[in-house]
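Here are two short exercises to work through with the structure open beside you. Try each task before you read its solution.

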Amino acid sequence: MAEEFEPNILGILCNWCTYAGADLAGTSRTQYPPNVRVIRIMCTGRLDPAFVLKALSVGADGVLVSGCHVGDCHYLAGNFKSRRRVALLRKLIEEYGYDRERLRMTFISASEGAIWAEVVQDMVNTIKKLGPNPLKQVGAAGAAGQVGVVADDEF
Amino acid sequence: MALFPIYSKRTEGRKSIIEQKTLVQALNLALDMERCTGCGICKEVCPEEAIEKGPVGAVGFKEMEVPEMVFDEKKCSYCGVCVELCPFTALKLTENGEPKTDLIDQQGFPHYVKVAEINPDTCVRCKVCEEMCPRENAIERNVPEVTERQQAITYTAEMQLNEDPGSENKCTYCGLCGEICDALTVEHKEATPLNIEASGEVKFESSKCDGCKICEEICPTDSIKVDRTITEAKLLGEVTINKDECMYCTWCAKTCPIENTIDIKKIFEGSINIKTENCPAGCTACVEICPCNALYLPPQKEPGEIATKLEVNDDFCTLCGACVNVCPVANTIEVKRDVIHIEGTETELYKKTAGKMMELKTPTIEKMGA
Amino acid sequence: MDEEKRIGVFICHCGTNIAGVIDVKELAEYAKTLPNVAHAQDYTYMCSTPGQAMIRDSIKEHNLNGTVVAACSPRLHEPTFRKATEEGGVNSFLFSMANIREQDTWVHMEEPEKAMEKAKDVVRMEVARASMLEPLTPKTVPVEKAALVIGAGIAGIQASLELADAGIKTYLVEKEPSIGGNMSRLDKTFPTLDCSQCILTPKMVDVERNPNIELMTYSEVEDVSGYIGNFDVTIRQKSRYVYEDKCNGCGKCQEVCPVSRPNEFDLGLMPRKAAYVPFPQAVPLKFTIDMDSCIKCDLCKGEEACGDLEAIDFDKPDELTTVKVGSIIVATGFDMYDVERKEEWGYKVFDNVVTGIEMERLISASGPTGGNIIRPSDGQKPKSVGFVLCAGSRDQDEEDGAKPYCSRVCCMYSLKHAHQLIEKIPGCVPYLFYMDIRSFGKAYEEFYYRIQNEGGKFIRGRVARITEDPITKNLTVTAEDTLLGTPVEMEVDLVVLANAVVPAESTQKVKTLLTLSNSPDGWLLEAHPKLNPMSTTTDGVFLAGMCQGPRDIPDVVAHAAAAAAAASIPIHKGSVTLEPIYAIVDQEHCGGCATCIGVCPYGATELNEVDSKLVASVNEAKCKGCGTCGSACPSGAIKMQHFTNEQIMSEIEAFAQGW
Amino acid sequence: MKEYNFFLGCIAPNRYPGIEASAVKTSRKFDIELRDFKGASCCPAPGAFGSMDVNAWLALGARNICLSEKEGKDIALICNGCYKSLFEANHRLKADPAMREKVNAILANIDYEFQGSVEVRHLIDILYNDVGPEKVKESVEVPLTGLNVAIHYGCHLLKPKFDRTFGSSERPRFFDELVEALGATSIDYKEKMMCCGAGGGVRSYKMDLALDIANEKLYNMTQAGADVIVDVCPFCHLQLDRGQVEIKEKFGDVYNLPVLHYNQLLGMAQGMNPEELGLDAHEISVEPLLAKIL
Amino acid sequence: MASEGMRDPKHYQLGKTQFDPDLIKEVEALGGKNAQMCYQCGTCTASCPMGQRSGLRVRTVMRKANLGMRDVLDDPDLWLCTTCYTCSDRCPRRIMATDAIIALRNIATREKKVPMSMIKIMGAISKTGHGVPNNEANMKNRVKVGLPENPPTTHTYPEYIKDINKILEVTGLLKIREEMEAESQ
């Protein structure tokens with residue numbers, strides 16, 4: 001029997017809400033699948049579209065962006081901006097041939113450790129259904145870092 | 001979320017009551033539906049805008065239900081301005097059951113000058129005013145029912161009886177007069193063989209005598225003399241006006257057969273103007289609702305005549321505005337109050353309120369759909 | 001980078017927290033294989049003194065110019081290890097932390113192999129990031145010597161007095177016309193039975209008299225900007241329609257006012273006028289006119305009343321004041337749970353079911369009945385009173401909005417009510433329906449004994465329902481005496497629902513203004529539940545009292561004093577060090593498109609003409625380091641320090657090397 | 001015209017056919033057609049069957065739902081017990097994929113598969129939420145003015161509240177509104193929301209205890225001055241109607257309180273005659289009631 | 001040395017109580033949601049209309065289930081719950097106590113501790129598809145109100161009954177019934 005596909009998911013989390021929430025999941029010993037590797041940024045507003053494209057181009061099977069609930073942003077509205085970016089990025093990655101479900105944005109507060117665990121579980125399930133990153137499937141993980149910066153003045 | 005205040009709205013008989021209740025105090029504002037004419041002045045004057053005019057009742061030829069005034073028990077400040085300004089005394093404000101009048105008591109607001117007097121000296125106690133008054137119970141006619149003739153006038157009656165033993169007209173105590181009149185009683189002394197002379201006593205009750213002199217006529221010895229002096233030729237009792245019930249429409253004053261006997265002053269002065277050309281055919285809403293019967297349809301001149309023109313008798317209109325509230329066509333009726341007769345301090349609040357009352361009142365389209 | 005990168009990796013066992021799940025030795029060996037790593041080792045507790053010394057010494061020994069500690073969450077110990085790095089002679093921003101505890105060994109305990117794999121990935125990513133880090137110098141800014149306290153209940157009062165006594169100018173903002181908060185509603189306080197007003201009023205007067213306190217009642221915070229040490233706060237002083245400087249508190253306006261409204265302070269048990277003070281001991285003793293119910297009859301302005309004082313002005317507008325403060329204390333307190341939603345208890349349906357706080361007013365000598373305890377239906381003295389404890393607390397029924405937590409005060413105030421009933425009404429028997437009596441404080445358990453000894457009856461069972469006799473208005477309480485194992489139905493004259501406490505409604509607004517968080521139960525979230533319960537994640541903002549969670553008066557006072565102490569630290573220090581995590585603009589590459597101007601929530605980016613060309617720049621003081629401008633800049637001219645594109649990209653690349 | 005498959009259950013068709021007949025007739029006035037539901041069985045009785053094996057209970061309930069799914073028709077029913085079985089089976093199987101899998105595995109033995117494509121609704125829910133008290137009021141020809149009605153909601157209509165759509169089960173109003181729309185007065189009585197005592201298999205297991213509960217209910221209703229009991233569940237109906245005869249025999253308490261299903265009361269208000277509503281099949285005579293209305 | 005009046009020490013010894021930690025897990029699996037969360041407040045018992053007139057104590061049932069005291073399955077009062085769900089609606093811990101009781105009854109059924117009255121209802125369904133089948137008197141009443149003698153259910157279409165019996169068979173209920181009927185005879 002072939003080994004089950006274990007997706008590699010990149011989590012990009014804001015320091016104040018979701019990262020703290022993920023910490024809380026740990027403090028509470030809530031178990032969830034070990035498929036996510038986390039990059040901590042101060043605010044999801046820092047999310048440069050290039051990060052997502054880079055991650056996909058180097059073979060990430062999914063990217064999970066998560067920040068504060070709407071209205072709770074530590075920097076007032078960074079999560080709003082990020083939400084719009086992600087919405088557009090989901091369309092964009094589709095153009096590149098990725099299923100839009102590979103990119104997801106959620107809003108998880110510092111007190112929602114259990115929800116973080118649920119979100120990870122759900123994301124892992126979704127990606128498992130979608131299968132590995134198509135770039136990996138064709139065995140061509142090259143072209144890394146060749147993604148240009150997307151003009152985003154309309155955000 | 002707290003237990004108090006408890007705001008409530010309830011109907012007791014023909015009274016619609018709103019209440020603000022705390023543990024130690026209950027404030028009630030009661031609207032007497034029997035008295036309310038739907039004029040809407042309370043809505044105009046409410047400082048809290050806590051009163052709304054409800055839907056107009058069924059418009060019909062036979063009866064006109066007044067629009068219900070709807071009080072918001074939560075918005076109401078229970079200040080009593082509406083109570084004071086209701087021309088029909090339809091509202092009552094009580095605190096723990098006692099009338100609450102502190103606004104007026106402290107001269108925070110004036111009140112209407114209410115003039116409605118009947119001169120008892122010239123009044124003949126006739127029934128004309130009572131019959132003409134459009135409001136029940138406004139005229140209080142306390143005149144005893146005349147069941148016997150003597151009750152119609154006030155008089156004194158005297159009887160003289162000739163008991164002079166020497167006179168040929170001396171009373172014989174025959175008893176005839178006593179037989180026919182309640183005012184006279186004849187008592188005989190018993191005759192004995194020793195004394196066979198007729199003797200006795202004739203008792204007279206003047207209150208029962210109406211001076212008809214039948215005793216004089218019937219006395220066989222002409223020994224009775226009756227005199228009646230009329231002291232007052234007027235019905236007993238008095239006719240007064242209940243100021244709480246009176247609408248100050250002047251129907252009584254205008255119809256009193258004796259001049260200068262009834263003195264009524266209207267609360268408002270101003271004008272009413274009806275553009276009858278706008279009236280929808282067959283609509284008589286205003287006629288039906290007018291509490292003072294100032295609006296009327298003149299009788300048809302000939303059978304089959306359709307467009308009977310509505311008319312208003314300015315003499316009787318109190319400018320209450322009830323007609324405006326039921327009229328279904330915009331700008332058809334115009335009521336304008338120019339003067340409000342009040343006494344007491346004209347406070348700022350009153351001035352603002354009076355300003356609202358003196359605005360031109362005319363139906364708007366929204367009022368349609370009664 | 002000119003210099004060759006020499007990074008030291010330090011793996012923490014964290015006792016068995018980490019080492020019990022993964023093989024730390026293997027991880028250290030793995031770290032040694034990574035590019036730029038010059039040294040790697042493991043140790044039981046990296047955060048301990050020897051652990052920190054190890055970092056310091058290794059830097060020197062191995063000539064390191066970057067450090068990575070793989071341990072707990074950076075939200076816990078990043079400052080510790082930064083300091084250790086600094087002490088080793090390396091810029092503290094050349095340190096990076098790999099979270100292999102909270103986000104690895106603790107959450108993947110059952111899959112140790114995969115946890116190991118993840119730990120390797122995380123370490124690799126952090127090493128990659130550390131290789132790209134640049135030295136930064138923290139900036140220091142002066143601190144405004146003033147503080148703001150929001151809410152003037154006992155917590156706010158205590159915090160303000162502490163700050164003022166420490167010589168700090170304090171603005172105390174209260175939304176109600178008087179200070180005092182919920183504590184001023186209470187009659188006696190447990191377990192000592194001091195009169196609440198007696199112990200509170202002197203403090204309230206102190207607040208008014210203290211020259212360092214600027215009291216702003218009937219006011220609300222409208223806007224907050226700035227950062228620790230330099231907050232700009234806009235406060236709306238709602239119009240009382242009375243000039244506070246002219247009002248002498250004589251109360252004549254109240255006497256003549258013809259309007260009658262339920263008094264919010266008395267929970268509607270008593271009426272007040274449109275011109276009012278909430279309660280006689282109010283501070284400041286200045287009247288307020290409730291414009292919603294005022295009919296403007298002018299009686300209060302008349303000669304008999306305010307007349308010559310001319311303190312009343314119906315046209316007096318709200319005033320906006322802006323103050324500058326160095327730190328902020330939030331003390332917004334609590335409300336009571338809307339126990340009407342528990343329909344089985346019939347609150348607001350049955351006349352004689354009251355809440356705990358209403359009972360306080362009924363007992364209070366300054367309350368509507370002058371301290372005569374009566375039942376609302378007929379004014380009679382109750383001879384038997386049922387208490388429903390945990391009314392909405394310890395209850396997970398979300399449909400009813402009930403609260404899962406223990407409200408911490410209800411057991412004790414119900415005991416106190418029981419005592420007062422026994423004392424005031426001879427022969428009255430209180431029946432307390434409880435699940436657990438939580439008498440945890442000093443002398444609390446003894447108070448419980450006392451009430452038992454006085455004749456309070458305790459029935460261990462939660463009340464399932466209350467029914468009313470429609471004629472007598474007596475109530476039947478049904479519960480199971482769980483100790484007997486028998487259902488009991490008891491007829492009582494009055495029922496007191498000891499309802500839960502919930503965060504005050506106004507907390508939400510303050511939370512948004514100060515970008516705070518709340519825990520799932522709605523209370524404001526502290527920086528650390530044990531070690532820092534009075535701080536928040538927003539630097540310079542502190543929590544005092546119930547807004548952070550249910551607590552009783554002694555705990556509130558202690559918490560408030562702690563918050564005041566914490567808030568005074570930056571003020572007394574005179575300056576604060578800000579993380580140098582702000583954006584900078586490479587003006588050569590900037591095209592002057594102004595995109596960054598639009599996205600910055602703080603107005604920190606601006607456009608200036610430099611060498612006859614429009615270029616952007618970032619105001620360091622205003623920038624809070626979210627990085628939104630950096631990711632929006634179309635020409636890549638904005639660099640978000642410590643979170644640069646290169647640093648994050650290198651992490652992503654390292655992430656990809658895992659498969 | 002909205003069509004439903006009319007799920008009869010057992011007691012309505014097999015003991016109180018008037019309930020079945022009145023439901024069909026009264027619903028037509030609101031353009032609702034209750035069609036014959038071919039091949040339906042017992043729901044099956046939640047108290048008895050659920051108690052023996054919840055999975056078998058769900059599977060048997062799902063069998064009924066599957067029959068309706070094949071016809072693509074939503075199900076309407078008039079019994080709280082049936083409501084519990086079918087509404088809950090439908091609701092749970094739709095929401096819980098694991099449970100659905102388990103039940104479908106059982107159904108596979110008879111070549112059925114639960115799809116989750118239809119709704120299960122109580123007629124009282126349809127009357128209140130789709131038709132509305134106003135329309136119900138408009139359909140009244142003989143207002144039942146002066147009639148004191150003791151309403152019995154029945155437990156499984158409202159509880160457990162987390163699995164129902166009517167909100168809190170402590171002081172519901174919707175049924176009262178529907179009764180008041182007919183001109184009658186809904187009286188409040190002690191322990192109005194109390195169980196009739198029949199459910200959970202108790203009526204067949206310990207009849208005396210089941211009747212003891214009904215006895216208390218009947219006493220409370222009588223004390224409050226009820227003229228008639230109105231319910232929406234034939235099983236509660238049976239317990240309160242036939243139960244009165246049994247209570248008389250066992251405990252000697254006599255109430256003679258007529259019991260009507262809401263649709264029978266509605267039929268009377270709509271001017272139907274007592275015979276076509278099957279009122280003569282009740283144990284407790286409805287004569288005094290008829291005298292009061294007519 | 002036992003003095004007079006002192007009882008045999010054996011009387012003081014508690015019987016060895018057997019706790020089965022799996023019982024509550026089984027209850028939760030059979031639909032008794034959150035059953036382990038019970039904190040014994042007694043709201044359920046006090047809400048229970050049957051508890052006021054019988055030995056049924058919902059709280060005690062929950063306690064025994066939680067501790068794993070399997071004797072709860074032998075308790076005849078377990079079958080007194082009318083499943084009115086009042087306890088579940090009022091439970092502050094959102095425990096479906098009624099469903100927990102039903103789950104315990106399920107387990108008891110498997111152990112053939114189910115009352116025969118239940119088995120009889122199963123028999124009726126197995127035979128006719130109805131728990132309460134039609135009868136002669138009712139047929140007349142049906143005709144009187146304009147309905148056919150038999151409803152359009154399994155009474156009219158008996159061919160559907162075999163599906164019902166198949167379900168009873170695969171869920172094991174049929175076997176329990178057969179065995180219990182045999183034992184009772």
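**Exercise 1.** In this predicted model, decide whether Asn215(D) is buried or exposed, then find its place and its contacts.

*Solution.*
Step 1: The relative accessible area of Asn215(D) is 10%. Buried means under 20%, so Asn215(D) counts as buried.
Step 2: Look along chain D for helix α12, which covers residues 207-223; Asn215(D) lies in this helix.
Step 3: Leave out residues up to four places away in sequence, and Asn215(D) touches Ile247(D), Phe251(D), Asp253(D) and Tyr255(D).

**Exercise 2.** Describe the contact between chain A and chain C: what area is buried, and which elements of chain A take part?

*Solution.*
Step 1: Start with area, because the size of an interface is often given as the accessible area lost when the parts come together. Chain A and chain C bury about 4900 Å² between them, with 58% of it on carbon and sulfur atoms.
Step 2: Count the residues: 53 come from chain A and 53 from chain C.
Step 3: Look for links across the interface. There are five salt bridges and 22 residue pairs in polar contact. One salt bridge joins Glu6(A) to Lys114(C), with the closest N and O atoms 3.2 Å apart.
Step 4: Turn to the side of chain A that touches chain C. At least two residues each come from β1 (9-14), α1 (18-27), β2 (36-41), α2 (49-57) and α3 (78-95) of chain A. The most come from α1(A), with seven residues.
Step 5: Sort the residues on this side of chain A by type: 27 are nonpolar, 12 polar and 14 charged.

Notes:
Residues are numbered from 1 along each chain as its sequence is written. Chains are lettered from A and ligands numbered from 1 in the order in which they are written. This is a predicted model: local features need pLDDT of at least 70, side-chain atom pairs count only at pLDDT 80 or more; totals for chains, interfaces and linings use all residues. Side-chain values use heavy atoms; hydrogens and water are left out. Helices (H or I, at least four residues) and strands (E, at least two) are DSSP runs, numbered from the N terminus. Buried means under 20% relative accessible area, exposed over 50%, partly exposed in between (1.4 Å probe, protein chains only). Contact means heavy atoms within 4.5 Å. Buried area is the accessible area (1.4 Å probe) that two parts lose on being put together, summed over both. A salt bridge is a side-chain nitrogen of Lys or Arg within 4 Å of a carboxyl oxygen of Asp or Glu. A polar contact is a pair of N or O atoms within 3.5 Å; within protein, one must be able to donate a hydrogen and the other to accept it, and residues adjacent in sequence count only if both atoms are side-chain atoms. Ala, Val, Leu, Ile, Met, Phe, Trp, Tyr, Cys and Pro count as nonpolar, Asp, Glu, Lys and Arg as charged, and the others, Gly among them, as polar.
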